[in-house]
Amino acid sequence: ALAHLIQVEVVIHLQCTPEVVRQRVQSDVGGDRDGRNDDYDELVAQKLVTFQQRTLPLLAHYRLAGAHQLDIPVVAHMQSSDTLAALRIAVDCIRS
């Protein structure tokens, strides 16, 4: 519906396993989990299913439409600054 207004050129996929997601939530890697009531295992599992059902098809849609997909691997101990650095490297690669 918005294709006539915008052209998506790049999509970013932060890739990690469900186990890494759980580890990151439990260890509060980013320091922003305190006081959250949506971090229990069942809800995290439900969010992962939602990601599989709703987000992955969007990645495929934009890839088929010609957008570059930047896959950024995320591991349990990564800080946001590490993720940003990996993203910058990936963006630089597609600009070259």
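**Surface and fold of the predicted chain**

The accessible surface of the chain amounts to about 7200 Å², and carbon and sulfur atoms contribute 55% of that area. The structure analysed here is a predicted model. Of the 96 residues in the chain, 19% are buried. Along the principal axes, the C-alpha atoms occupy a box of roughly 40 × 30 × 20 Å.

The secondary structure consists of three helices and two strands, arranged along the sequence in the order β-α-α-β-α. Among contacts with a separation of 6 or more, 71% join residues that are 24 or more positions apart.

With respect to charge, the chain carries 9 positive and 12 negative side chains. The centres of these two sets are separated by 5 Å.

A nonpolar patch of about 300 Å² was identified on the surface, formed by Val10, Ile12, Leu14 and Ile94. The element that gives the most to this patch is strand S1, which spans residues 10-15 and supplies three residues. Ile12, one of the patch residues, is located in strand S1. The relative accessibility of Ile12 is 44%, and this residue is therefore classed as partly exposed, since that class lies between the limit of under 20% for buried residues and that of over 50% for exposed ones.

Key
Residues numbered from 1 in each chain as written. Predicted model: local features only at pLDDT ≥ 70, side-chain atom pairs only at ≥ 80, totals over all residues. Heavy atoms only, no water. Helix = DSSP H or I, 4+ residues; strand = E, 2+ residues; numbered from the N terminus. Buried < 20%, exposed > 50% of the residue type's maximum accessible area, 1.4 Å probe, protein only. Contact = heavy atoms within 4.5 Å. Areas by Shrake-Rupley, 256 points an atom, 1.4 Å probe, with all protein chains shown as cover. Lys, Arg positive; Asp, Glu negative; His and termini not counted. Charge placed at Lys NZ, Arg CZ, Asp CG, Glu CD. Patch = residues over 30% accessible without salt bridge, like charges linked within 9 Å, V, L, I, M, F, W, Y side chains within 5 Å. Salt bridge = Lys/Arg side-chain N within 4 Å of Asp/Glu carboxyl O.
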